[in-house]
Amino acid sequence: MAAGEPGDLGVYSFRFLPQKTFQSLSTPQTTSRLRQWSMLGRIEAQAFGFDQTFQTYRRDDFIMDFFKDPNVISNLKLLSESSGEWITLGTEVKKVEAINVPCTQLSMSFFNRLYDEAIVRDNGYIVKCLDSFCDPFLISDELRKVLLLEDSEKYEVFSQPDREEFLFCLFKHLCLGGALCQYEDVINPYLETTKLIYKDLVSVRKNPQTKKIQITSSIFKVTAYDSIGVCYPSTKSHEQTFSYFIVDPIKRHVHVLYHCYGVGDVS
């Protein structure tokens, strides 16, 4: 079939949207929290537009086309492992991996079980425990136990499907932070920041029939490989190094949320 004929699945092309800013990451309060969590200067959200209908079954084509697009190559930011500076891709992507991340949660009541199960007290204080290590994380409270220790008695509070939800992933990333993370004593900063970033990245609309709010975004956790190995989000893998692609099929926008584990800005 010649290119351009009906039914031809063309290459997706992308454009960088620098005017789309993510307030949730830049408010003074969030900035100060990200500094405390050792993530400031290492977390970034960017927006790109694309030119044709997003089809979930073409997910891998979509992501491969993204990494091959000149507008992406010259604008997509990542942190250099060697210099610690922000750079652009600068290498040819040969293979991509995308994991579907479920995104169905519309309310922060998802986390009420932290109070019900006495992981957090009614006054918002996180219940402390004896220090232990789950490399490289220090576990000094019940919250980190529930996030990290599969054999802890309260791990089951969140089921496996719960843990796969984008809302949970975001919350967990913020709680675990960067290399010199100073943990919060109270839960609120984690919940507030999670909610702000989630609302900023994820698109919703009212279903015309049912009048219910529904999430329209599709979310993927993305890894890219060049001829040597993993090149994005970083050449070094870490639980706290990630890139999520949040695709809005209606607006034809993709939001990229990126973080590379390390020592965040302190000043």
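The legends below describe several views of a predicted model of one protein chain.

**View 1. The whole protein chain, with its helices and strands.** The protein chain contains 9 helices and 13 strands, and along its principal axes the C-alpha trace spans about 65 × 55 × 35 Å. For 267 residues a compact globule would be expected to have a radius of gyration near 18 Å, and the 19 Å found for the protein chain agrees with that expectation. Among contacts with a separation of 6 or more, 68% join residues that lie 24 or more positions apart.

**View 2. The surface and the charges of the protein chain.** The accessible surface comes to about 13300 Å², and carbon and sulfur atoms account for 51% of that area, while 50% of the 267 residues count as buried. The chain carries 29 positive and 34 negative charges, and the mean positions of these two sets are 6 Å apart.

**View 3. Confidence along the chain, with a close-up of residues 1-7.** The average pLDDT of the protein chain is 94, and 97% of the residues score at least 70. Over residues 1-7, in contrast, pLDDT stays under 50, and for this stretch the model has 5 contacts beyond four places in sequence.

**View 4. Tyr 244 and the residues around it.** Tyr 244 is placed in strand β12, which covers residues 242-248. With a relative accessibility of 1%, Tyr 244 counts as buried, because buried means under 20% relative accessible area. When residues up to four places away in sequence are not counted, Tyr 244 touches Val 101, Ile 219, Phe 220 and Lys 221, as well as His 255, Val 256 and Leu 257, and its contacts also include Phe 166, Cys 169 and His 173. A further pair that may be marked in this view is Tyr 244 and Ala 45, which are 199 residues apart in sequence but 9.5 Å apart in space, taken from C-alpha to C-alpha.

**View 5. Helix α8 and the residue that follows.** Helix α8 runs over residues 166-176, and 11 of its 11 residues are buried, so the helix is largely enclosed by the rest of the structure. Among the buried residues of α8 are Phe 166, Cys 169 and His 173, and these three are also among the residues that Tyr 244 touches. The buried residues of the helix further include Leu 167, Phe 168, Leu 170, Phe 171 and Lys 172, together with Leu 174, Cys 175 and Leu 176. Just after α8, Gly 177 adopts a positive phi of about 65°.

Technical notes: Residues are numbered from 1 along each chain as its sequence is written. This is a predicted model: local features need pLDDT of at least 70, side-chain atom pairs count only at pLDDT 80 or more; totals for chains, interfaces and linings use all residues. Side-chain values use heavy atoms; hydrogens and water are left out. Helices (H or I, at least four residues) and strands (E, at least two) are DSSP runs, numbered from the N terminus. The radius of gyration is taken over C-alpha atoms; the globule rule is 2.2 Å times the number of residues to the power 0.38. Buried means under 20% relative accessible area, exposed over 50%, partly exposed in between (1.4 Å probe, protein chains only). Contact means heavy atoms within 4.5 Å. Accessible areas come from the Shrake-Rupley method with a 1.4 Å probe; for residues, only the protein chains shown count as cover. Lys and Arg count as positive and Asp and Glu as negative; His and the chain ends are not counted. The place of a charge is taken as NZ of Lys, CZ of Arg, CG of Asp or CD of Glu. pLDDT is the predictor's confidence in each residue, from 0 to 100.
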